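I opened this notebook to keep track of what I looked up, beginning with a single residue and then turning to the place where two chains meet.

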2 protein chains.
Amino acid sequence: MKNMKHWSRFTGATALAAALLAQPLCADEGMWLFNDPPRKQLREKYGFQPSEAWLEHVQKSSVRFNSGGSGSFVSEDGLVMSNHHVGADCLQKLGTEQHNYYRDGFYAKTLEEEKACPDLELNVLMSIEDVTDRVNAAVKPGTSGDEAFAARRAVMAQIEKESLDKTGFRSDVVTLYQGGKYHLYRYKKYTDVRLVWAPEMQIGFFGGDPDNFEYPRFCLDAAFFRAYENGKPAKVQHYLKWSKAGAAENELVFVSGHPGATSRLQTMADLTYKRDFSFPRLLSWLNRMEVTLNAWSGRSEENARRAKELLFSAQNSRKARDGGLAGLLDPKLMGKKQEAEEKLKSAVANDPKLAEARDAWKRIEEAQNKIKEVAVEYNALEVGRGFGSRYFEIARTILRAVEERPKAEGDRLREFRESARESLEFDLFSAEPLYDDYEQVKLATGLTYLCQELGYTNALVQKVLNGKSPRDRAAGLVAQTKVKDVNARKALYQSKPEELASINDPMIQLARLVDSEARRVRKIVEGQDELKRQAYAAIARAKFAMEGPSSYPDATFTLRLSYGAVKGYQENGKNVPHQTTFEGLYERAKEHNYRPPFDLPKRWLDRKDKLDLNTPYNFVATTDIIGGNSGSPVINKNAEVVGLIFDGNIHSLVLDFAYTDELARAVSVHSSSILEALRKVYDAPNIAEELTTGRRPASTL
Amino acid sequence: MKNMKHWSRFTGATALAAALLAQPLCADEGMWLFNDPPRKQLREKYGFQPSEAWLEHVQKSSVRFNSGGSGSFVSEDGLVMSNHHVGADCLQKLGTEQHNYYRDGFYAKTLEEEKACPDLELNVLMSIEDVTDRVNAAVKPGTSGDEAFAARRAVMAQIEKESLDKTGFRSDVVTLYQGGKYHLYRYKKYTDVRLVWAPEMQIGFFGGDPDNFEYPRFCLDAAFFRAYENGKPAKVQHYLKWSKAGAAENELVFVSGHPGATSRLQTMADLTYKRDFSFPRLLSWLNRMEVTLNAWSGRSEENARRAKELLFSAQNSRKARDGGLAGLLDPKLMGKKQEAEEKLKSAVANDPKLAEARDAWKRIEEAQNKIKEVAVEYNALEVGRGFGSRYFEIARTILRAVEERPKAEGDRLREFRESARESLEFDLFSAEPLYDDYEQVKLATGLTYLCQELGYTNALVQKVLNGKSPRDRAAGLVAQTKVKDVNARKALYQSKPEELASINDPMIQLARLVDSEARRVRKIVEGQDELKRQAYAAIARAKFAMEGPSSYPDATFTLRLSYGAVKGYQENGKNVPHQTTFEGLYERAKEHNYRPPFDLPKRWLDRKDKLDLNTPYNFVATTDIIGGNSGSPVINKNAEVVGLIFDGNIHSLVLDFAYTDELARAVSVHSSSILEALRKVYDAPNIAEELTTGRRPASTL
């Protein structure tokens with residue numbers, strides 16, 4: 001349930017979702033839209049009716065991390081709470097050979113000491129507008145997939161541009177129910193975000209990969225940031241108050257956050273494609289990355305520092321996909337999916353009003369087969385698994401930005417639309433430290449993978465290698481490219497196409513060398529995705545017609561509301577308790593003889609006597625979450641913080657495909673343990689006071 | 001350069017070598033046969049002429065570990081020297097939850113305390129006989145690959161059986177120059193082998209995976225065993241004496257050991273197959289195993305103990321194959337190979353006497369293409385990557401033993417020939433501890449891999465899964481099979497085919513379920529291998545005709561003699577010294593803040609003051625070695641031990657394909673450091689005395 005940044009961008013062709021809700025809703029199921037909340041379910045099961053003000057308040061207190069995660073405002077002075085592991089990206093980038101903040105933690109006692117995160121952007125959802133009709137009207141019936149996609153992309157860019165010009169807000173048209181609905185989301189953007197506090201990695205990620213996705217659990221996976229405006233702490237109207245007691249057993253709780261992607265509404269054709277093709281290949285690539293990064297990290301502590309966060313992402317994604325694949329290979333789960341699909345198909349076949357959906361399943365399968373034909377090339381060249389280096393990503397972004405800029409708004413690749421320009425430049429010109437030796441290892445691994453995937457004798461591969469071995473070629477490219485320098489990067493970005501064409505930078509030249517082929521396969525994938533979208537939309541309309549629209553779309557890394565109860569479970573005949581305590585933390589460390597990753601920071605050993613060992617530490621709830629939800633606040637009926645989402649248990653790994661509350665649980669840090677640790681272990685009473693009073697203490701203002 | 005046991009058995013179809021020596025020999029190149037040693041090279045370069053007695057003495061002092069490695073007798077009382085990592089298999093099997101010998105080391109102060117290794121067999125080569133003519137005469141010209149292979153297998157089994165009956169020695173017909181020659185090797189066998197001493201894994205494998213295949217290096221990768229006969233220490237006539245000074249810079253040294261497999265004589269068709277197909281697929285599987293075992297090991301110390309050795313093998317193989325693949329993807333190396341092949345081809349084309357070799361390259365390529373067609377199935381089903389559990393291996397061995405037994409000797413699968421029966425039963429009925437939870441993890445991983453490789457909807461895969469997910473199926477199989485019990489195993493093994501058919505054991509049933517398909521693809525591979533062997537033999541004959549026979553065949557895990565000089569090298573403009581010292585060990589540990597795998601055993605920290613820190617510790621030489629050579633003695637002209645091979649440096653990883661002495665080096669433990677450590681760190685003066693005097697001290701006899 002970790003930061004999804006590094007891997008989410010690589011899911012490409014498989015990230016499609018669908019509009020078919022295949023089964024009746026389970027108890028606490030759903031990642032609900034804020035403009036279509038589960039009023040009925042909450043009223044009937046929990047007797048709770050959220051007011052419009054409640055919804056608006058929670059929505060505007062919620063924050064999206066562009067690095068891939070969630071968070072919330074927790075004081076009027078712009079204090080933002082999230083996970084240590086969501087902050088890992090920033091902690092890693094702020095680190096140097098001298099200061100390993102990711103490993104050792106960070107605490108700014110004064111505003112002056114708060115450190116700006118190099119390229120962190122926070123988004124707050126300000127409004128939602130349904131633009132489905134306008135988007136669909138732009139796509140003329142009978143056009144090909146390519147043309148339909150281009151038309152849809154153009155109208156979406158147009159809507160976004162108008163909204164940006166009118167409101168100044170970041171404006172994204174979001175595809176929901178995979179084409180069933182299109183909503184315009186407007187975000188307030190914070191790009192001056194500073195680090196306030198983070199614990200040591202040892203305690204933030206206590207138990208490491210072995211305990212990841214497991215429960216009982218003992219992590220203080222928390223970190224605090226502060227949003228700034230005009231060089232001062234942002235004054236925010238909406239922020240979450242701190243609960244006095246924190247989460248209690250059986251209490252109704254809510255999670256407001258940004259689940260990344262689910263595949264619950266996909267047809268069997270799409271699910272079997274995942275099972276037989278995309279998941280195994282992705283896992284094979286993740287295994288390779290994990291092994292490479294692990295081996296390189298072992299060579300020195302500095303290597304380990306540089307690769308830590310990416311390694312952690314690789315391990316996390318691997319474990320998540322492994323669990324997902326196990327679900328797809330489980331005939332029980334897939335049997336239910338199959339059954340529901342058959343039922344809906346036959347209902348559609350028997351109702352003349354739903355005729356447009358009749359061949360939808362077949363159309364999806366056909367489109368997916370066409371995608372499969374180019375999927376290997378697409379993943380290697382366009383998704384970038386065949387290159388693997390940040391330098392390559394930068395070079396390609398520069399090349400494409402220069403080439404797309406002269407084009408009409410609607411003709412550009414979607415990421416180069418005008419309304420996304422600021423965010424793109426913010427990321428591209430980041431001062432994040434990059435390291436030649438590290439980039440070289442990743443690039444050599446990528447190029448070796450390229451040889452494997454496209455074949456060593458492939459003409460393009462031979463051009464890419466330029467007569468060298470992957471290792472030698474990587475060394476040369478990394479040594480000679482100027483894109484490692486932010487100023488050079490800016491100059492290249494500003495150049496005209498013909499100027500860039502004459503620049504003698506090998507990484508830009510490499511990006512150019514593969515670009516026409518990468519664009520060609522991307523165009524095929526986008527065209528087929530559009531055909532799938534139309535088919536899924538037909539299924540969605542059939543479903544709405546039969547059952548009414550009160551449902552939730554698959555996750556899309558946009559703001560959602562989940563609900564559920566704080567509740568343990570029974571596993572192999574044993575009761576797994578709803579919460580753990582600090583006492584349990586010390587026991588678990590001892591049980592492992594304090595060996596990494598079960599070692600405790602010195603501070604925690606020294607302060608043990610000061611702590612109330614009965615303080616609730618981590619807890620589980622039936623709330624419906626998925627990767628991207630990391631850092632989401634867990635709140636009670638009064639919209640007070642009672643916890644902080646940081647993971648799901650091992651049984652939650654099938655939530656990609658279906659919700660279940662039998663054993664699957666969301667895992668959170670209990671709000672009480674955050675206060676206790678800040679006060680007794682970290683000597684940070686200021687932050688504790690800011691959380692409980694909702695404003696920075698006067699003495700430090 | 002590690003123990004090759006676990007992985008060597010999986011190289012199957014790719015383990016073919018060839019008879020073409022493509023380039024003139026480099027300086028110290030060659031893994032020479034003891035009956036065809038490099039007399040000319042030694043005389044011309046080093047002015048040394050080994051006598052027949054010298055050769056016989058070294059040969060009979062050398063020992064092969066059936067677990068995959070080398071060793072030597074170093075006292076008349078049967079003391080055997082090898083590596084800690086060659087002993088790892090035994091150390092792991094002797095371990096329990098209470099005693100982690102692999103981690104903590106072992107020392108038997110008295111004979112009574114020496115512990116028997118559950119299934120370790122040592123082989124000593126007693127004689128070599130050329131049987132080429134007899135083997136070739138059995139294969140009638142014009143027969144198909146299948147028939148030719150069956151005929152060859154039959155005559156080899158016949159020769160072995162006759163030799164066993166006559167001499168009582170283990171008798172193996174060895175294929176050399178991949179069909180150019182067939183030699184009968186007779187081995188004296190020791191099956192009562194006991195552990196005497198091994199250091200802590202921390203120091204035996206200091207630096208772990210990060211330092212593996214690297215240099216400078218700081219490992220005490222040594223262990224001692226004792227061969228027993230009739231319950232008493234074996235009295236051996238040939239053993240190596242200990243050198244007073246140990247290896248010195250520029251000294252001529254020899255390595256007598258069992259290199260596992262090289263591919264130096266393969267044609268471009270075989271090398272490109274490795275590059276494009278078998279290496280990438282093997283690496284993908286190794287990555288998966290490494291990731292799985294690493295993750296499982298992290299869950300508890302006991303898990304880590306159980307999986308340690310296999311994990312280490314996986315990492316070792318992965319690093320070795322990664323280096324090998326880098327060589328295959330290097331146009332410089334492959335260009336030279338290509339050039340030499342073209343040259344030989346054109347010489348053959350122009351000489352009517354060599355006509356039989358003209359289409360040999362084409363025949364090899366065609367046969368390899370046929371192998372490729374079934375390679376995925378072969379690796380999954382016959383090699384066993386799709387099952388991954390020791391329980392499955394045991395079940396299949398039982399099933400096949402029962403089925404092969406009634407057949408005529410020559411018709412049996414080769415591993416069930418009469419002359420190999422004792423060794424097979426010794427291995428099958430081993431008391432090595434096996435663990436259900438561990439087998440289950442490996443089996444679930446294997447079955448998931450099977451789904452990926454053959455396709456989930458494949459009819460055989462569906463039968464294997466039997467309506468369950470891979471995890472559930474693995475759990476059921478492991479829980480219910482009786483083969484985990486050695487007595488049940490023996491009873492099943494003794495049963496008749498019709499009795500075994502009615503046994504209700506799910507693992508035996510699973511083995512039976514896949515056996516006809518596994519045998520079918522194996523038969524295809526064996527038939528095509530035979531055709532390749534014939535073609536390679538033709539090339540070999542052409543080569544012998546042109547250049548004379550004084551060359552060496554590719555490695556085959558049989559005894560070979562290498563030679564070279566103790567010599568550092570220049571890397572990136574820096575001198576890499578020929579040896580390291582104990583001083584360097586302490587420096588390296590400190591540089592890594594004593595964090596694993598750079599932590600030192602307490603004993604080494606406590607005894608630092610007692611040690612002579614200038615003692616030479618590890619050293620490098622230009623001797624030509626490869627995996628399987630681990631544990632080989634390094635000796636001087638007087639056949640005295642000056643060191644102990646345990647690894648190659650990173651540049652040596654291309655030695656699979658071509659020898660080079662520019663940067664590639666064999667890495668050894670210096671003999672002086674072994675004595676110093678035994679005396680000053682391990683309080684084991686007895687062993688030191690046995691090494692220096694050649695017999696057990698009287699006080700302990």
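In which helix of chain A does Gln92(A) lie? I kept in mind that this is a predicted model, and I found Gln92(A) in helix H4 of chain A, which covers residues 84–94.

I then looked up whether Gln92(A) is buried or exposed. Its relative accessibility is 10%, and because the cut-off for buried is under 20%, Gln92(A) counts as buried. Setting aside neighbours within four places in sequence, I listed the residues in contact with Gln92(A) as Tyr102(A), Arg305(A), Arg306(A) and Glu309(A).

Next I turned to the interface, where 44 residues of chain B are in contact with 44 residues of chain A. I noted that the two chains bury about 3400 Å² between them, with 54% of that area on carbon and sulfur atoms. On the side of chain B, Arg299(B), Leu329(B) and Tyr456(B) supply 19% of the area buried against chain A, more than any other three residues.

For charged pairs I recorded a count of 6 salt bridges between chain B and chain A. I looked up the one between Asp211(A) and Arg299(B), in which the closest N and O atoms are 2.8 Å apart. For polar contacts across this interface, the rule finds 8 residue pairs, both residues being at pLDDT 80 or more.

Several helices of chain B each supply at least two residues to the side that touches chain A, among them H11 (301–328) and H16 (436–454). H10(B) gives the most, with 10 residues. I closed the entry with the make-up of that side of chain B, which divides into 12 nonpolar, 13 polar and 19 charged residues.

Technical notes
Residues are numbered from 1 along each chain as its sequence is written. Chains are lettered from A and ligands numbered from 1 in the order in which they are written. This is a predicted model: local features need pLDDT of at least 70, side-chain atom pairs count only at pLDDT 80 or more; totals for chains, interfaces and linings use all residues. Side-chain values use heavy atoms; hydrogens and water are left out. Contact means heavy atoms within 4.5 Å. Buried area is the accessible area (1.4 Å probe) that two parts lose on being put together, summed over both. A salt bridge is a side-chain nitrogen of Lys or Arg within 4 Å of a carboxyl oxygen of Asp or Glu. A polar contact is a pair of N or O atoms within 3.5 Å; within protein, one must be able to donate a hydrogen and the other to accept it, and residues adjacent in sequence count only if both atoms are side-chain atoms. Helices (H or I, at least four residues) and strands (E, at least two) are DSSP runs, numbered from the N terminus. Ala, Val, Leu, Ile, Met, Phe, Trp, Tyr, Cys and Pro count as nonpolar, Asp, Glu, Lys and Arg as charged, and the others, Gly among them, as polar. Buried means under 20% relative accessible area, exposed over 50%, partly exposed in between (1.4 Å probe, protein chains only).
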